[in-house]
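Grab a pencil and work through these exercises with the model open beside you. Try each task before you read its solution.

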Amino acid sequence: MVSGSCFCGDITFEVEGFVTDVYKCHCSRCRKRFGGASSAAAMAHETAFTWTRGEALRNSYQAPECKYKSWFCSKCGSLLPLHMKDIQLYWIPMGLLDADPEIPLTRHIHLDSKASW
């Protein structure tokens, strides 16, 4: 079990296990969402994920051409885990975790749009 939280700590969650290793996405959307060269995330089955505090503080934005919403803390703006109901998984940004989940980084994806910097 690993816990996680937003930057202000008002939203917290727990993950009982991951179904993927960590991957880094280099697409332009992840660069915008994370404000960096790539994202680092892993997936957990929806039954392994629990909001433990502050779920009502979540807010979302969905770009017209995107399949999924971006969820963030309405207080501090931190990006939050995303429930992908159609595939029954949570997409979890690794930077939100309070401890090392001890799963390896195994993939870099969308390298065709990787930033040159």
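**Exercise 1. Work out how the radius of gyration of the protein chain compares with that of a compact globule.**

Solution. Keep in mind that this is a predicted model.
- Step 1: start from the chain length, which is 117 residues; a compact globule of that length would have a radius of gyration near 13 Å.
- Step 2: set the chain's own value, 14 Å, beside that; the two agree.
- Step 3: look at the box around the C-alpha atoms, which along the principal axes comes to roughly 40 × 30 × 30 Å.
- Step 4: add the burial, with 39% of the 117 residues counting as buried.
- Step 5: check the surface, where the chain exposes about 6,800 Å² and carbon and sulfur atoms supply 50% of that area.
- Step 6: turn to the contacts with a separation of 6 or more, of which 62% link residues 24 or more positions apart.

**Exercise 2. List the secondary structure elements from the N terminus on.**

Solution.
- Step 1: count the elements, and you get one helix and ten strands.
- Step 2: put them in order, which gives β-β-β-α-β-β-β-β-β-β-β.

**Exercise 3. Take strands β1 and β2 and describe how they pair.**

Solution.
- Step 1: find the strands, β1 at residues 2-5 and β2 at residues 12-15.
- Step 2: check their direction; they run antiparallel and four bridges join them.
- Step 3: pick out some bridge partners. Ser3 is matched with Glu14 of β2, while Ser5 is matched with Thr12 of β2.
- Step 4: follow the chain between the strands. β1 and β2 make a hairpin with six residues between them, and Gly9 in the turn has a positive phi of about 85°.
- Step 5: widen the view to the sheet, an open one of three strands in the order β1-β2-β5 with antiparallel pairing. Its edge strands are β1 and β5 (49-53), each of which pairs on one side only.
- Step 6: note the twist, as neighbouring strands of this sheet are turned by 25° against each other on average, direction ignored.

**Exercise 4. Which strands make up the open sheet with mixed pairing, and in what order?**

Solution.
- Step 1: read across the sheet, and the five strands come in the order β8-β9-β4-β3-β10.
- Step 2: find the edges, which are β8 (82-84) and β10 (105-109), each pairing on one side only.
- Step 3: note the twist here too, with neighbouring strands turned by 30° against each other on average, direction ignored.
- Step 4: zoom in on β3 (residues 22-25), which pairs with β10 in the parallel sense over four bridges. Here Cys25 sits opposite Ile109 of β10.

**Exercise 5. Why is there no bond between the sulfurs of Cys6 and Cys8?**

Solution.
- Step 1: recall the cut-off, which is that two cysteine sulfur atoms must lie within 2.5 Å to count as a disulfide.
- Step 2: look at Cys6. The closest cysteine sulfur belongs to Cys8 and is 3.6 Å away, so that is too far for a bond.
- Step 3: do the same for Cys25, which is in no disulfide; its nearest cysteine sulfur, in Cys27, is 3.5 Å away.
- Step 4: tally up, and the count is zero disulfides.
- Step 5: check burial as well. Cys6 is buried, with a relative accessible area of 5%, and Cys25 is buried with a relative accessible area of 5%.

**Exercise 6. Is Tyr61 buried or exposed?**

Solution.
- Step 1: locate Tyr61 in strand β6 (residues 58-61).
- Step 2: take its relative accessible area, 53%; exposed means over 50%, so Tyr61 is exposed.
- Step 3: look at its contacts. Beyond its neighbours within four places in sequence, Tyr61 touches Lys69, Ser70 and Phe72.
- Step 4: try one spacing: Tyr61 and Trp71 are ten residues apart along the chain, and their C-alpha atoms are separated by 6.6 Å.

**Exercise 7. Where do Gln88 and Glu102 sit?**

Solution.
- Step 1: place Gln88 in the loop between β8 and β9 (89-93).
- Step 2: check its backbone and surface. Gln88 is not a glycine, yet its phi is positive, near 60°; the residue is partly exposed, with a relative accessible area of 40%.
- Step 3: place Glu102 in the loop between β9 and β10.
- Step 4: repeat the checks. Glu102, also no glycine, has a positive phi of about 55°, and with a relative accessible area of 70% Glu102 is exposed.

Notes. Residues numbered from 1 in each chain as written. Predicted model: local features only at pLDDT ≥ 70, side-chain atom pairs only at ≥ 80, totals over all residues. Heavy atoms only, no water. Pairing = 2+ DSSP bridges. Helix = DSSP H or I, 4+ residues; strand = E, 2+ residues; numbered from the N terminus. Axes fitted to C-alpha atoms, helices over the stretch in contact; angles between N-to-C directions. Buried < 20%, exposed > 50% of the residue type's maximum accessible area, 1.4 Å probe, protein only. Rg over C-alpha atoms; globule rule 2.2 N^0.38 Å. Contact = heavy atoms within 4.5 Å. Areas by Shrake-Rupley, 256 points an atom, 1.4 Å probe, with all protein chains shown as cover.
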